[in-house]
Amino acid sequence: MTSKVSRVCVIRRAYYPAESHVRRNAESLVAAGYSVDLVCLRNRDERPFEVIGGVNVHRLPLRAHRAGISSYLFEYFAFFFLAFAAVARLHARRRFTIVEADSMPDFLIFAGLIPRLTGSRLILYLFESMPEIWAQKKKLPMTHRAIRFLQWQEKVSCAFAHTVICCHDMAREALGAMGVPASKISVILNVPDEDVFHRYEGAQTAGDGTFRLVQHGTITENYGIQVVLEALAALNPAIRVRYDVIGEGEYRTALEETARALNLGERVAFHGYVSRERLLELLLQSTVGVVPMLFEYQSPNKLFEFVALGKPVIASDRKTFKQHFADDAILYFKTGDPKDLARAIEEALRHPEAARARAERASRRYEEYRWTNMRKRYLDVYERQSAR
């Protein structure tokens, strides 16, 4: 990094430090010598400002609800305007060298307008491919005018930024097809911080003979948790299985109702948000990690976290996943098919040695993707922008 300390502002419409990948990035910047301010949502019982791991966290008086398109739009624009004002106010005191906006929404990059006008560099970090995700979520063709509008706003947002980061090659290809110059795009896989998510040699599951599945993250429909519930209902009742769902989201109530309707009883436990220490404890107690994502173009960060812990993984057969891990490393099932997922669970249960062998192959492949390598890419982006 340059000898002069660079001041950075990161904007993310999410809770901090709950989002592990945002925390990983911010703390990596602090460790590299950057001064980091972060603007985010404010959850219940959180303070408007605090310093966490060297990051100055500024929380806006807004919470995420995500209950329909109108709610999404209101929250997107409300957060944008609050963030715009907060960033402008902070910039007057801090004079940011770089402002990073993390999607969604993509147009959040325009919250860095005032810093940009005074010479700051802007980084647009696309954690998700907004047009493609919404097309799949709403079952619309990419030619639909609503999706074309999302493509337009993504293209304009990329043009406004000085550089763009995306999370996998499919996203890079989609951006290139829209006309975003390849020289402007960096691919940084959304992998876990190995200081937190790393393999625990000799870590064992709970010794009660229960086959434990675990899934963690924001609870939304596209995460496919409902598919797992239906798969569990299709299993032989004699099979001792437990499914731990860790996280919160607007889809939790519907899923709890589904679990009751399927008479899953103690087979399913919804834990809500937990501390990082408790999360690791639950993950390490699991037999298998499950990643039942329904859509393409989503970063396989949960898959990477299970692999980093040395856990066998059952995942939907999304191209986004298969471009990183072959069939001999991950036990795939047909996306959205509870019967095929039940088949995969039974296969992992009957053949534990084969499951562990897959986990070993996945671990070897993961060496290329480790955060040590991705962190260098991330910091290189900042080094190049700081030098401008």
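Reader: Let me start with one residue: in which strand does Ile 185 lie?

Author: Ile 185 lies in strand S8. Helices (H or I, at least four residues) and strands (E, at least two) are DSSP runs, numbered from the N terminus. The model is predicted, and local features need pLDDT of at least 70, side-chain atom pairs count only at pLDDT 80 or more, while totals for chains, interfaces and linings use all residues. Residues are numbered from 1 along each chain as its sequence is written, and side-chain values use heavy atoms, with hydrogens and water left out.

Reader: Thanks! Does Ile 185 count as buried or exposed?

Author: The general idea is a share of accessible area: buried means under 20% relative accessible area, exposed over 50%, and partly exposed in between (1.4 Å probe, protein chains only). Ile 185 has 12% relative accessibility, so this residue counts as buried.

Reader: Which residues does Ile 185 touch, leaving out those up to four places away in sequence?

Author: A contact means heavy atoms within 4.5 Å. By that rule Ile 185 touches Val 164, Cys 166, Arg 172, Leu 175, Gly 176 and Val 180. As for backbone positions, the C-alpha atoms of Ile 185 and Thr 163 are separated by 6.4 Å, although the two residues are 22 apart along the chain.

Reader: Now the charges. How many salt bridges are there?

Author: A salt bridge is a side-chain nitrogen of Lys or Arg within 4 Å of a carboxyl oxygen of Asp or Glu. The count by this rule comes to 26. One of them joins Arg 12 to Glu 19, with the closest N and O atoms 2.9 Å apart. Both ends are covered: Arg 12 is buried at 10% relative accessible area, and Glu 19 is buried at 17%.

Reader: Which parts of the chain does the pair of Glu 296 and Arg 318 link?

Author: Their side chains meet in a salt bridge at 3.9 Å, N to O. The pair links distant parts of the chain, 22 residues apart: Glu 296 is in the loop between strand S12 (288-291) and helix H10 (301-308), and Arg 318 is in the loop between strand S13 (313-316) and helix H11 (319-322). Glu 296 counts as buried at 13% relative accessibility, as does Arg 318 at 17%.

Reader: And where do Asp 340 and Arg 343 lie?

Author: Both lie in helix H12 (residues 338-350), three residues apart, about one turn of the helix. Their salt bridge has its closest N and O atoms 3.1 Å apart. Asp 340 is buried at 15% relative accessible area, whereas Arg 343, at 32%, is partly exposed. Elsewhere, Glu 46, Arg 47, Glu 50 and Arg 59 are linked in a network of salt bridges.

Reader: Which side chain of opposite charge is nearest to Asp 193?

Author: For charge, Lys and Arg count as positive and Asp and Glu as negative, with His and the chain ends not counted. The nearest is Arg 375, 5.1 Å away, and Asp 193 is buried yet has no salt bridge. Asp 193 lies in the loop between strand S8 (185-187) and strand S9 (211-216). Its contacts, setting aside neighbours within four places in sequence, are Arg 24 and Trp 371.

Reader: Finally, how many helices and strands does the whole protein chain have?

Author: The protein chain has 14 helices and 14 strands. Of its 388 residues, 56% count as buried. Along its principal axes, the C-alpha trace spans about 65 × 45 × 45 Å.
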